[in-house]
Amino acid sequence: RAVELGLITINKTKSLAKSMLIFSIFSFVFLTVNIYSITNSYVNIVGVFVIGFIGVFLAYYYTANPLRLSARKGLGELTVFLTFGPLLTLGSAFSMSNIPLDLTYESLKIFILVGIPLGLLTTNILLINQFPDYNSDKKSGKINLVVLLGKRFSRWIYLFNLIIIFFS
């Protein structure tokens with residue numbers, strides 16, 4: 001809402017977006033050169049690229065039409081869980097490993113299990129922030145998990161997530 005409140009103009013927002021895009025491209029090039037120089041393999045570069053592409057896709061369509069995942073019956077919460085959980089840990093493994101990663105079932109399972117508590121913690125942050133916006137989200141047609149299931153049941157989901165975080 002920074003543009004709507006007059007804190008920044010559209011042109012400055014576009015300029016900032018272009019600068020961030022250029023910075024991210026340079027960062028990706030630096031990362032790929034670094035990964036190849038350490039591992040002498042393209043396996044991790046392909047992994048970082050695929051996970052980065054999935055992350056960009058989910059980040060864009062979290063709020064953009066036609067998907068607008070944040071308002072689609074719990075898909076926004078699932079998107080946040082996946083991007084800040086398993087995808088983040090898997091991408092970190094590819095980018096920080098000093099050997100080419102062979103994604104077998106066991107290694108993939110470990111990365112996903114490590115990402116579950118991180119994804120659930122981030123999802124709970126999103127979930128708890130949806131409670132105060134319940135009425136406005138419902139009126140505007142933003143069907144997030146709290147609007148879909150109601151405040152009473154969503155409290156139990158929050159608690160259930162905390163229990164899973166603790167045990168995982």
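Reader: Which residue follows H1, and what is its phi?

Author: Asparagine 40 comes right after H1, and its phi is positive, near 55°. Keep in mind that this is a predicted model.

Reader: Thanks! How do I check the length of H1 itself?

Author: Count residues and multiply by the rise. Helix H1 covers residues 10-39, which is 30 residues, so at 1.5 Å a residue it should span 44 Å. The end C-alpha atoms of H1 are 43 Å apart, which agrees.

Reader: And how should I think about the sides of a helix?

Author: An α-helix has 3.6 residues a turn, so residues three or four places apart point the same way. In H1, the buried residues are Thr32, Ile35 and Thr39.

Reader: Which helices do the buried residues of H1 pack against?

Author: They pack against helix H2 (43-63) and helix H4 (86-96).

Reader: Now the whole protein, please. How many helices and strands are there?

Author: The protein has eight helices and zero strands. Read from the N terminus, the order is α-α-α-α-α-α-α-α. The C-alpha atoms fill a box of roughly 55 × 45 × 25 Å along the principal axes.

Reader: What share of the residues is buried, and what makes up the surface?

Author: Of the 168 residues, 32% are buried. The accessible surface is about 11,400 Å², and 71% of that belongs to carbon and sulfur atoms.

Reader: Where do the charges sit relative to each other?

Author: The protein carries 14 positive and 6 negative charges, and the mean positions of the two groups are 12 Å apart.

Definitions and conventions:
Residues are numbered from 1 along each chain as its sequence is written. This is a predicted model: local features need pLDDT of at least 70, side-chain atom pairs count only at pLDDT 80 or more; totals for chains, interfaces and linings use all residues. Side-chain values use heavy atoms; hydrogens and water are left out. Helices (H or I, at least four residues) and strands (E, at least two) are DSSP runs, numbered from the N terminus. Buried means under 20% relative accessible area, exposed over 50%, partly exposed in between (1.4 Å probe, protein chains only). Accessible areas come from the Shrake-Rupley method with a 1.4 Å probe; for residues, only the protein chains shown count as cover. Lys and Arg count as positive and Asp and Glu as negative; His and the chain ends are not counted. The place of a charge is taken as NZ of Lys, CZ of Arg, CG of Asp or CD of Glu. The expected span of a helix is 1.5 Å times one less than its number of residues. Contact means heavy atoms within 4.5 Å.
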